[in-house]
Amino acid sequence: MVPLMEWVNIILQGALLGGLYAMFAAGLSLIFGVMRLVNIAHGDLIVLAAYLSLLATDAFGLGPMTSLLVVVPLMAVIGYTLQRGILNQTLGPDLLPPLLVTFGLSIIIQNGLLELFTADSRRLQAGAVEVASLHVADGLSIGVLPLLQFVTAIAVIAVLQLVFYRTALGRAFRATSDDQDVAQLMGLDNRHVFGLAMALSLAVVAIAGIFLAVRTNFDPAIGPARLIFGFEAVIIGGLGSMWGTLAGGIILGVAQAIGAQLDPGWQLLAGHIAFLIILAIKPDGLFPKVQ
Amino acid sequence: MAGTPLLEVHGLDAFYGDFQALFGVSLRVGQGQVVAVLGANGAGKSTLLKSIAGLMASPREAICLDGEAIGSLRASDVVGRGIALVPEGRRLFPSLSVEENLLIGGQLGRPGPWTLARIYELFPVLEERRSQPSMSLSGGQQQMVAISRALMSNPKLLLCDEISLGLAPIIIKDIYARLPTITAEGISLVIVEQDIVQALTAAQHVYCLQEGRMVLEGTPTTLTREAISAAYFGV
Amino acid sequence: MSAPAIRIEHATRSSRAGLVLFAVVFVVLVAAPWWGGRQHLRLLAEIYAFVALASLWNLLAGYAGLVSVGQQAYVGLGAYLLFALAMLVGVPALWTIPIIGIVAALVSIPVAALIFRLRGHYFAIGTWVVAEVFRLLASQVSVLGGGSGISLPVGIVLAIAQGRQMREFVIYWLALALLVAILALVVWLLRSRYGLALTAIRDNELAARSNGIDVGRVKLVVYVLTAAGTAMVGALIFLQKLRISPDTAFSVTDWTAIVIFITVIGGIGRLEGPIIGAIVFFVLRELLADYGTVYLLTLGVVAIAVMLKAPQGIWGLIAGRFGWQLFPLERRVVYLGGEQPAKCA
């Protein structure tokens with residue numbers, strides 16, 4: 001029997017990990033909301049951000065958190081360029097072109113990283129913060145890094161929510177999502193609006209990528225699994241709901257933590273099964289946006 | 001009409017794929033003028049407005065505003081030059097509140113008389129409903145939002161596509177009664193209507209489209225009812 | 001006015017020429033053991049497998065609109081079933097292939113029930129999740145080597161046929177036969193009433209629905225048939241590799257990314273597409289063999305370029321210019337007498 005306190009601990013760790021998944025999901029959800037595009041390369045872009053922060057810390061001697069100052073704007077620029085240069089041409093009633101093109105990008109990024117950085121596992125060193133933890137109760141302590149990551153996830157989602165519902169940019173996103181033609185009549189160039197949405201999405205990806213790099217080992221091949229976690233969090237939470245996405249991430253993280261406790265080989269499987277069960281009983285997710 | 005007209009459409013063709021919707025259509029709108037375009041369903045009226053607004057591709061020289069060729073501009077650039085379209089079916093943004101719909105209309109920040117305050121003066125009911133979801137409004141109120149949203153861009157030329165469609169006669173009358181306030185600011189109007197009576201009372205100049213071709217033009221006083229009906233029904 | 005007697009004709013002049021061409025090529029390929037070396041046979045069998053996988057994906061995505069990125073689920077399922085049936089149940093290796101088709105079809109039905117709840121792009125990623133679940137489950141099966149995989153015991157391999165050369169011939173012919181069977185299945189399906197329904201769905205799903213086509217059922221039939229075919233091809237691929245592991249059997253790059261790129265480069269929604277695309281792929285791979293994964297990078301770039309600049313693919317360009325069609329898939333009404341209906345204006 002695992003003592004109760006240990007279960008509390010497992011669930012707590014899972015929930016904190018869920019914050020990372022919510023960050024994976026937030027960027028995915030954002031661009032789907034604005035332009036109905038599912039970016040298959042999303043996970044690989046997270047890994048790309050992780051490598052960029054590795055380069056930034058190696059080359060400029062920055063700490064992982066300060067490397068955000070370089071990597072976030074860089075990823076945003078990459079996002080805008082990618083959208084204007086390639087992805088805008090794929091948008092339309094047919095869903096195959098965006099899917100195929102982002103699939104192609106995924107393969108290109110993966111193999112490009114493989115050529116540049118080899119298949120070796122890497123990790124971003126964060127120093128003392130990696131092992132620091134807060135003592136909560138007997139047998140229960142919270143790592144500072146997971147907590148920081150969870151708080152960041154909440155902050156990221158809160159900021160996205162704010163941007164979406166309280167700013168002119170968010171208004172432009174929602175208007176373009178509602179009706180592209182009429183949005184153009186308001187002087188909104190949809191190509192530019194979509195570029196900004198992708199820039200914002202990849203800015204979030206950059207943050208997620210750096211936390212991923214500090215928390216776990218990474219190599220060029222791990223992107224697709226990150227895409228799947230983000231995707232599962234989006235569907236569990238319910239399409240179009242940012243806070244639902246956070247809940248989805250937490251559920252996924254907790255399911256994985258419980259699975260890992262039962263059998264180390266069951267960590268990922270438990271997460272997927274939780275997703276499939278929710279898909280079977282509540283296909284619209286737990287917190288669908290009411291239209 | 002003396003001098004350069006505000007808008008000049010010259011020999012405009014328009015296509016949906018292989019289907020040609022407009023054949024060499026020409027039209028002139030003077031400063032502060034109200035022009036009506038009449039025609040049956042499918043005559044090409046909406047296509048004409050969409051082409052002017054830049055939603056459909058046109059040759060550069062086919063459409064001139066203040067003597068400048070704007071035919072090849074994208075819709076998002078045409079608004080910046082001072083042409084706004086009130087689209088058929090109103091097409092408000094459902095995710096946006098009433099006030100957000102208005103703000104997005106004015107997001108380019110073109111200077112001019114139209115501000116939120118002016119709009120709320122023109123349609124006081126919209127101020128009461130400012131934070132409601134736009135689709136919760138009645139049809140007439142939605143049409144007011146659609147017109148106001150276009151006005152917020154402070155256009156020189158306002159294109160109105162079937163603003164009476166699906167509305168009760170009393171509401172149509174109410175909306176048409178506000179048009180003089182709009183033209184008093186020096187804005188020119190192009191009104192596309194199936195409601196001939198309403199259009200003829202409001203307009204100073206009338207065009208009739210039939211199967212994509214301009215078949216008749218004149219002033220409401222010189223054109224007889226019979227001539228318009230003939231053009232309208234193609235008999 | 002009597003109703004005119006009509007007959008539906010599928011063949012065109014170019015498709016008749018195509019049939020002759022196929023017959024000639026088929027004979028040459030059947031005879032490959034007599035003119036080619038072992039390396040040729042292996043390469044050809046590999047090409048057949050990719051053409052078969054791409055044809056099945058083409059049917060699924062190009063015709064039924066079910067854009068799956070999780071077909072590696074069925075390649076891996078077929079591969080693991082081969083090992084399980086041969087090693088644990090004692091079924092002779094070649095006899096496992098038809099059983100695998102049936103089992104995969106049965107497995108795909110509940111899977112479809114679940115993932116058909118997802119629409120469009122989300123369906124695509126849903127199929128990927130299913131493939132991941134299959135992969136993780138496979139790595140839990142310790143009798144088949146768990147996460148690190150296992151080799152097919154020598155005894156099972158030896159039992160396929162007498163002598164090493166004959167074994168290679170048999171597997172080669174089997175790969176060719178399976179490809180021909182799959183191409184025939186696809187042609188037959190597209191010419192059947194399902195084919196008309198599929199064309200209608202592809203052109204306009206809403207209109208197809210309102211014309212009484214049971215869209216869900218047509219899609220399910222295609223999904224299940226594709227799963228069965230994909231699993232059989234998977235089994236055959238790993239019968240040649242003789243070694244299995246969860247990562248190779250359920251590889252998204254090998255069994256889905258490359259397969260999709262082949263289809264798109266050749267021409268999606270056209271039967272000829274996968275054949276042309278596979279040729280492009282193998283030429284690229286052989287040319288860039290010395291540069292690691294560069295061929296994959298190149299393939300991705302070419303696929304993106306084709307999708308953006310010529311979305312109908314290479315065969316689409318050729319067919320569009322010359323009006324060629326190698327498979328008898330056209331439907332033309334031929335009047336056999338009686339009164340011809342007057343042409344409508």
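**Exercise 1. Count the salt bridges over all chains, then work out what the pair Glu8(B) and Arg28(B) ties together.**

Step 1. Searching the whole structure turns up 20 salt bridges over all chains; a salt bridge here is a side-chain nitrogen of Lys or Arg within 4 Å of a carboxyl oxygen of Asp or Glu. Keep in mind that this is a predicted model, where local features need pLDDT of at least 70 and side-chain atom pairs count only at pLDDT 80 or more, while totals for chains, interfaces and linings use all residues. Residues are numbered from 1 along each chain as its sequence is written, chains are lettered from A and ligands numbered from 1 in the order in which they are written, and side-chain values use heavy atoms, with hydrogens and water left out.

Step 2. Side chains of opposite charge can pair when their charged atoms come close.

Step 3. Go to chain B: the side chains of Glu8(B) and Arg28(B) form a salt bridge, 3.0 Å from N to O. Glu8(B) sits in strand E1 of chain B and Arg28(B) in strand E2 of chain B, so this pair ties together parts that are 20 residues apart in sequence. (Strands, E, of at least two residues and helices, H or I, of at least four are DSSP runs, numbered from the N terminus.)

**Exercise 2. Lay out the sheet of chain B and find what packs on it.**

Step 1. Write down the strand order: E2-E1-E4-E5 of chain B, four strands in an open sheet with antiparallel pairing. Two strands pair if DSSP finds at least two bridges between them.

Step 2. Mark the edges, which are E2 (19-29) and E5 (68-69) of chain B, each pairing on one side only.

Step 3. Zoom in on E1 (residues 7-16) of chain B, which is joined to E2(B) by seven bridges and runs antiparallel to it. Here Phe15(B) is found opposite Gln20(B) in E2(B).

Step 4. Add helix H1 (residues 45-53) of chain B, which packs on the sheet and touches E1, E2 and E4 (63-65) of chain B. Contact means heavy atoms within 4.5 Å. The direction of H1 makes about 110° with that of E1(B); axes are lines fitted to C-alpha atoms, for helices over the stretch in contact, and angles run from 0 to 180 degrees between N-to-C directions.

**Exercise 3. Describe how chain B meets chain A.**

Step 1. Start with the head count: 20 residues from chain B and 18 residues from chain A take part.

Step 2. Next, the buried area is about 1800 Å², with carbon and sulfur atoms giving 59%. Buried area is the accessible area (1.4 Å probe) that two parts lose on being put together, summed over both. Arg74(B), Phe93(B) and Ile104(B) supply 29% of what chain B buries against chain A, more than any other three residues.

Step 3. Now the charges: there are three salt bridges between chain B and chain A. In the one formed by Glu100(B) and Arg174(A), the closest N and O atoms are 2.7 Å apart.

**Exercise 4. Do the same for chain C and chain A.**

Step 1. Count again: 40 residues of chain C are in contact with 43 residues of chain A.

Step 2. The buried area is about 3800 Å², and carbon and sulfur atoms give 84% of that.

Step 3. Look for salt bridges across the interface of chain C and chain A, and the rule finds zero.

Step 4. Sort by element: H6 (120-138), H13 (252-266) and H15 (294-309) of chain C each supply at least two residues of the side that touches chain A. H6(C) gives the most, with twelve residues.
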